[in-house]
Amino acid sequence: MKKVDVILGLQWGDEGKGKVVDVLTPRYEVVARFQGGPNAGHTLEFNGEKYVLRSIPSGIFQGGKTNIIGNGVVLDAVLFRAEAEELARSGHDLTRQLCISKKAHLILPTHRILDAAYEAAKGSSKIGTTGKGIGPTYTDKVSRNGMRVGDLLSPDFREIYARAKARHEQILRSLNYTYDITELEAQWFEAVEYLKRFRIIDSEYEINALLDDDKSILAEGAQGTLLDVDFGSYPFVTSSNTVCAGVCTGLGVAPRRIGEVYGIFKAYCTRVGSGPFPTELFDQTGEQLCSIGHEFGAVTGRRRRCGWLDLVALKYSIMINGVTQLIMMKSDVMNDFDTIKVATAYEIDGERTTRFPFETEGDIKPVYREFPGWKCDLRKVTRYEEFPEAFKRYVEFIEQETGVPVKIISIGPDRGETIVR
Ligand code: GDP
Ligand code: IMO
Ligand code: MG
């Protein structure tokens, strides 16, 4: 029985999912996004070109594969159109390659405004969202007020839209939030027409039929496990289930049809937006990770907070997702470091724990294990055996601690800078 393999982030997003999906796509016939929306920014580099994808799956550059935007995704027609048109201009016409689930929810212009209004109302405790209307759209989905891609095909589409907009306007009035959506709304109505050029499908039926037909499918996650609405550092999370279980609800596949679960992590940690980050560095080392790793958001350009690898969090993410293979990214960023630290436990109120705590806001002191740096250019390596011993010790320690093999090591942003063991 063919199964869906899954790629998902084990930290706070931006682990390098886009790059790895692109690298693994040749092994698959279909790539499908199962949650999130244009809050994602997935970067791919090859042949000297760089692309950032937000709603479109990262399998589109590997010729002729089917790419599906699943029902668990929230779609902003305006941003989707801009993304697809830019790709078309660079020679990638997706109209035959890309399908969209009828059940994916639409981000309306007023969702974006609501996102900004809710953030403003939170003041200093704001989440630091991407401002793309993600929270309000998922809220409408769960409160049974949402609008779906399939609704665009309904003769009542304008009425459904007007009802949703009127509801949002009422909330915005109660928040005393002033805004003008005239231009955005005009763009949105044009963009939803553009959306109809793509195949709008019953994706759950098509995906299960593909599996029955022995076709291989790769599910691409967005964000990361520590941003999951149930298991992340709540409330500083996104509004979807970024974890493996999200594949079942976001694509309509049964749990027994989940195959390999590839968990991606950076050799250190980053986080963008507010919220707890136990191993965050506020010193020169943090600065170095940021500048060498070019740690600035692919979507918002915001500086990413940086810190050491956190094995407490990583093991928690592995447990929640049932990770079967690990993929380590951006090892090259620490090439020149004398010492590398890894958190193996936390001290909270004088008590040592290896559990990711419920209350992540208090004073969490990481307990570190130190490793000597490898002090050489990993980007020159072509096989695992060529890695310096100090680097192999770092990798093997992670394997030992987590009990999961590190199967792929990324040593640079380009497609080719990837070592598969
Ligand atoms: P995603 O959201 O998980 O797809 O990750 P992003 O694209 O937001 O961020 C990852 C960033 O790291 C991008 O700029 C990638 O080009 C870059 N990147 C990916 N892998 C590596 C690597 O192994 N080394 C270095 N130096 N950069 C990498
Ligand atoms: P990719 O797929 C990193 C963060 C935001 C904010 C929180 C909630 O590129 O890894 P939202 O707009 O979702 O309501 O914001 O989640 N966030 C991400 N951080 N990578 C992402 O996606 C993110 N998507 C959302 O910064 O803290
Ligand atoms: Mg990203």
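**View 1. Phe46 and its surroundings in strand 3 of the predicted model.** In this predicted model, Phe46 is a residue of strand 3, and its relative accessible area of 7% falls under the 20% limit, so Phe46 counts as buried. Leaving aside residues up to four places away in sequence, Phe46 is in contact with Asp22, Tyr51, Phe61, Asp414 and Arg415. Leu251, which lies 205 residues from Phe46 along the chain, has its C-alpha atom 29 Å from that of Phe46.

**View 2. The second largest pocket, with a space of about 630 Å³.** This pocket is lined by 29 residues, of which Thr43, Glu45, Gly293, Lys330 and Pro413 are the closest to its centre. At least two lining residues come from each of helix 1 (17-24), strand 3 (42-46) and strand 4 (49-53), and strand 3 is also the element that holds Phe46. Sorted by class, the lining of the second largest pocket comprises twelve charged, ten polar and seven nonpolar residues.

**View 3. The largest pocket, with a space of about 800 Å³.** Among the 41 residues that line this pocket, those closest to its centre are Ile127, Thr129, Val237, Thr238 and Ser239. Two elements, helix 3 (109-122) and helix 4 (134-142), give two or more residues to the lining of the largest pocket, and helix 4 provides the largest share, with six residues. By class, the lining of the largest pocket is made up of 17 nonpolar, 16 polar and eight charged residues.

Terms used. Residues numbered from 1 in each chain as written. Chains lettered and ligands numbered in written order. Predicted model: local features only at pLDDT ≥ 70, side-chain atom pairs only at ≥ 80, totals over all residues. Heavy atoms only, no water. 1 Å grid on protein atoms, 1.4 Å probe; cavity = no way out; pocket = protein on both sides within 12 Å on 5 of 7 lines; lining within 4 Å. Points joined across faces, edges and corners; volume = space filled by probe spheres on them. Helix = DSSP H or I, 4+ residues; strand = E, 2+ residues; numbered from the N terminus. Nonpolar A, V, L, I, M, F, W, Y, C, P; charged D, E, K, R; others polar. Buried < 20%, exposed > 50% of the residue type's maximum accessible area, 1.4 Å probe, protein only. Contact = heavy atoms within 4.5 Å.
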